[in-house]
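User: Please take a close look at a single part of this structure and describe how that part sits among its surroundings. I am new to the structure, so a connected account would help.

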Amino acid sequence: MSTINEYLSLEEFAGIVFKDKKVDVSDAVISRVEASFNFLKEFSGNKVIYGVNTGFGPMAQYRIKDEDRLQLQYNLIRSHSSGTGKPLSPVCVKSAILARLNTLSLGNSGVHPSVIHLMKEFINRDITPLIFEHGGVGASGDLVQLAHLALTLIGEGEVFYKGERRATKEVFELENLQPINVEIREGLALMNGTSVMTGIGIVNVHNAEKVLDWAVKCSCAINEIVQAYDDHLSAELNNTKRHFGQQEIAKRMRENLADSTLVRKREDHLYTGENTEEVFKEKVQEYYSLRCVPQILGPVLDTINAVADVMENEINSANDNPIVDVKNQHVYHGGNFHGDYISLEMDKLKLVVAKLTMLAERQLNYLLNSKLNEILPPFVNLGTLGFNFGMQGVQFTATSTTAESQMLSNSMYVHSIPNNNDNQDIVSMGTNAAVITGKVIENAFEVLAIELITIVQAIDALGYKDQVSSVTRKMYDEVRNIIPEFKEDQVMYPFVQQVKDHLMAE
């Protein structure tokens with residue numbers, strides 16, 4: 001059980017979203033939310049406050065009659081429940097709900113406590129609102145996507161429940177739940193914010209950490225396959241650059257390769273003074289895709305860590321408008337809903353994951369091109385050359401998937417389009433950035449799955465399975481449990497999918 005209190009760390013957040021820990025809300029949070037609600041109810045009585053007694057966006061110049069205030073909130077929710085495209089995955093929706101729950105728990109939004117309680121129940125009972133990928137421009141927050149969340153909280157719309165897409169009303173009856181109380185600005189408070197892009201962003205960070213770990217392991221295995229010299233991974237070399245990521249990736253690779261009998265010491269071969277060749281038979285240095293892994297994956301690690309920090313800051317921030325300040329007895333109007341922080345970080349993340357994918361594709365090509373590696377049959381074909389194809393077919397998939405990621409890594413952050421009668425004249429596109437980043441990360445898993453199958457085929461081609469490191473051997477055994485060594489051609493797509501699923505599940 002994790003309790004929403006003063007601050008929710010990313011580690012605690014991940015425990016709820018990815019490990020299915022239940023969530024509770026402390027009495028202090030409920031008191032804080034009640035105090036905010038009660039203050040706003042009294043404060044707004046004779047004042048003009050955006051979204052309480054005014055219209056929304058460019059319609060804010062219109063006063064709303066007292067008797068229409070509550071209907072205004074329902075109108076906002078229903079009219080903006082207009083998303084299209086694929087439904088967001090359950091894990092992304094759960095992450096978004098938790099992000100919204102935490103920000104509204106700060107007591108800066110003036111919502112009725114029933115909002116907090118019902119979102120908690122959605123998480124604990126695995127009720128997943130139907131929220132679509134397309135809709136938000138990320139400036140007044142995730143208006144469209146969060147409208148779909150709000151729609152279910154008022155008992156309307158649809159949810160996924162026990163594997164079925166059902167009317168929210170039916171699920172409320174089954175679970176004995178009641179819709180939230182709409183009393184002041186609950187519709188606006190639920191919709192005005194960055195919680196969907198942030199929720200997806202946290203899922204992306206989680207998956208990026210996984211994909212980086214696999215990229216490191218694959219890079220280690222390839223260095224074993226070619227019996228590379230290990231000095232490019234040495235602390236002495238990598239510590240001469242002051243970047244944490246590079247030093248850490250090199251350290252992880254050294255640890256992974258600690259018990260390998262295949263990687264070599266340069267001093268045992270090229271520094272003995274015994275080599276008199278005019279043209280060296282063996283490579284003095286490996287290709288960049290093998291030798292420069294710490295320098296390539298180091299920035300990936302540093303970026304993932306930096307993005308994680310921004311995500312943690314955002315879930316613990318009030319990303320609403322206006323902001324209710326009980327301490328100073330005031331309501332402040334501004335733009336905390338704007339998603340530029342998340343949009344920029346998602347652009348950074350997809351850039352580095354695309355580069356990681358490019359590295360994997362080049363390593364794959366190195367293994368498949370016998371003229372480059374000079375130790376393996378073409379396409380790591382363990383059958384009859386010319387008659388069988390080995391890994392030739394799947395290389396096309398890896399190459400085209402990498403190309404897609406290169407295209408998708410173009411920035412959303414700088415692709416603002418004014419809308420909303422130019423009220424929202426510069427926007428973040430943060431939700432689009434987060435969704436596209438998720439696709440780039442998934443693509444990376446696909447390319448790594450193909451690379452990993454090729455790696456284990458190469459290990460068998462060379463008879464190295466008993467000489468690789470224990471880390472590589474464990475990886476080898478896991479893949480071989482999915483796809484045994486093969487010489488004859490076979491349909492590959494089910495195996496690629498199963499290995500991809502294995503990589504994403506670990």
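Analyst: A residue counts as buried when its relative accessible area is under 20%. The model described here is a predicted one. The residue to start from is N204, which lies in helix α9, residues 195-225. N204 has a relative accessibility of 3% and therefore counts as buried.

What is N204 in contact with, leaving aside its neighbours within four places in sequence? The residues are M346, L349, A434, T437, G438 and I441. Two helices come into the picture here: α14, which covers residues 340-368, and α17, which covers residues 430-462. Each can be taken in turn.

The axes of α9 and α14 come within 10 Å and cross at roughly 25 degrees. Angles under 35 degrees count as roughly parallel, and α9 and α14 are therefore roughly parallel to each other. The crossing in which α9 passes α14 is left-handed. On the α9 side, the residues that make the contact are M197, T198, G201, N204, V205, A208, V211, L212, A215, S219, I222 and I225. On the α14 side they are I342, M346, L349, V353, L356, L359, Q363 and L367. N204 is thus one of the α9 residues in this contact, and M346 and L349 are among the residues that N204 itself touches. Sorted by class, the contact of α9 with α14 has 15 nonpolar residues, 5 polar ones and no charged ones.

With α17, the axis of α9 comes within 9 Å, and the two cross at roughly 20 degrees. The helices α9 and α17 are therefore roughly parallel to each other. Their crossing is left-handed. The residues of this contact divide into 22 nonpolar, 7 polar and 2 charged.

Away from these helices, the model also has an open sheet of 3 strands, in the order β4-β6-β7, with antiparallel pairing. Strands β4 (128-129) and β7 (164-167) stand at the edges; each has a single partner strand, so one side of each is left without a neighbour in the sheet. Strand β6, residues 158-161, pairs with β7 in the antiparallel sense over 4 bridges. One residue pair can be named: Y161 has E164 in β7 as its bridge partner.

To return to the starting point, N204 is a buried residue of helix α9, and its contacts include M346 and A434.

Conventions: Residues numbered from 1 in each chain as written. Predicted model: local features only at pLDDT ≥ 70, side-chain atom pairs only at ≥ 80, totals over all residues. Heavy atoms only, no water. Buried < 20%, exposed > 50% of the residue type's maximum accessible area, 1.4 Å probe, protein only. Contact = heavy atoms within 4.5 Å. Pairing = 2+ DSSP bridges. Axes fitted to C-alpha atoms, helices over the stretch in contact; angles between N-to-C directions. Parallel < 35°, antiparallel > 145°, perpendicular 65-115°, else oblique. Left-handed = near helix turned anticlockwise from the far one by under 90°. Nonpolar A, V, L, I, M, F, W, Y, C, P; charged D, E, K, R; others polar.
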